[in-house]
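Reader: I have a sequence and a model in front of me. Please take me through the fold, then a few residues.

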Amino acid sequence: MRETGAMDPIADVRDRYDRFAREEAPGRSALYAEWAAGVAGDERILEILAGLSSPHRQPPVVFAVTRMLGAEGDYAAWASFVVENADRVVAECAARTTQTNEPLRAAPLLVALDRIRGPIALIEVGAAAGLCLFPDRYAYRFRTEDQVAELGEGSVVLDTELTGARVPRRMPDIVWRAGVDVEPRDAQDPSDRAWISGLVWPGETDRALRVDAALDAVAADPPLIVRGDASEPGVLADLVAQVPDDTTVVIATMGVLPHLRRDARERLIETIRELPARWVTLDAPSLHDSWDPAVDADAWEGFVLALDGRPIAAADPLGSWIHGV
């Protein structure tokens, strides 16, 4: 059933894929840019995708699903596959949403955690398979203006540019960790691993290697991840009630808030602020108005990395660079 709204669903899909082809895919995935541009001008595919609700027809979801089902090749080959398998594609997309479980986001998270006294109980909203729940078990390579600073040990090495902010001085003392997700993923489960890996865009070779290495690391010691909607009453409070005494609770929302409806997003932010916890978030500057002081979205580069709503850095949405403010 199609959703209602001011914009016709087909026009909405066309605009979304055109924007993705022009603004988001270039420089990351030539194949996804080609597919998205093709969708924007193909009435057959627009009609198929318009039957999905907005979170389920996003380009990264649709493209990952179709690749998982066997689609490949240029746009003509991909479109033929979608038309021939429309029912399967729609059913699978309807059951999935974007779960960008990018371990490199642990780098900006580490920058924020360096400002928080431990021991820490870390809770991540939208944890997926939990790849960002282990910032203390990865190795970091921070490229500053005049040096490369290394911190930590591990098989997963996270390389990021850091300017205008201090390099974290120590690894965080995380003594308890848990995640919450509406559709948790298990790093030990082959199908869940395939989905998380499949969300990496074609052409992102380094990212694919990083995600696979992080999946291996998490699979060796899986975290607690509960199924639930963190914006609903009691979900986060129940997790906070489980943390050990004498710990600082940190709730992280690293790139997850854009995937929530506005009412759910506002409810979640209010819930976090009412809990006895610190809040680390990484969001687009125009996504909400919880910044203190206010952020000029038009002048801001990248996402806002904030601690308790106070901006501390601008950052790449996936964590490849961090610029202090």
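Author: The protein chain has eleven helices and eleven strands. Helices (H or I, at least four residues) and strands (E, at least two) are DSSP runs, numbered from the N terminus. This is a predicted model, where local features need pLDDT of at least 70, side-chain atom pairs count only at pLDDT 80 or more, and totals for chains, interfaces and linings use all residues. Residues are numbered from 1 along each chain as its sequence is written, and side-chain values use heavy atoms, with hydrogens and water left out.

Reader: What is the radius of gyration of the protein chain?

Author: The radius is taken over C-alpha atoms, and the globule rule is 2.2 Å times the number of residues to the power 0.38. For 325 residues that rule gives 20 Å, and the chain is close to it, so it is as compact as a globular protein of that length. Its radius of gyration is 20 Å.

Reader: What percentage of the residues in the protein chain is buried?

Author: Buried means under 20% relative accessible area, exposed over 50%, partly exposed in between (1.4 Å probe, protein chains only). Of the 325 residues, the buried ones make up 54%.

Reader: What share of the contacts with a separation of 6 or more comes from residues 24 or more positions apart?

Author: Contact means heavy atoms within 4.5 Å. Among contacts in the protein chain with a separation of 6 or more, residues 24 or more positions apart account for 67%.

Reader: Which helices do the buried residues of α6 pack against?

Author: Helix α6 spans residues 86–94, and Ala 86, Val 89 and Cys 93 are buried there. They cover an arc of only 65° around the axis, which puts them on the same side of α6. The arc is that of the directions from the helix axis to the C-beta atoms. The packing partners are α3 (43–49), α4 (59–69) and α5 (75–84).

Reader: How many residues of helix α7 are buried?

Author: Helix α7 runs over residues 106–113 and is mostly covered. Its buried residues include Pro 108, Leu 109 and Leu 110. The count is eight of eight.

Reader: Is Arg 207 buried or exposed?

Author: Arg 207 sits in helix α9 (residues 205–219). Beyond neighbours within four places in sequence, its contacts include Arg 28, Glu 102 and Trp 201. Its relative accessibility is 7%, so Arg 207 counts as buried.

Reader: Which residues does Gly 309 touch, not counting those up to four places away in sequence?

Author: Gly 309 lies in the loop between β9 (303–307) and β10 (310–315). Its relative accessible area is 0%, so it is buried. Gly 309 touches Arg 273, Trp 279, Ser 290, Trp 291 and Asp 292.

Reader: Which residue does a cis peptide bond join to Gly 118?

Author: Most peptide bonds are trans. Here omega is about 0°. The partner is in the loop between α7 and β1 (120–125). It is Pro 119.

Reader: What is omega for the peptide bond from Asp 292 to Pro 293?

Author: Pro 293 is found in the loop between β8 (278–283) and β9. The bond from Asp 292 is cis, with omega near 5°.

Reader: What is phi of Asp 246?

Author: Most residues other than glycine have a negative phi. Asp 246 lies in the loop between α10 (235–240) and β7 (248–254). Asp 246 is exposed, with a relative accessible area of 73%. Its phi is positive, near 60°.
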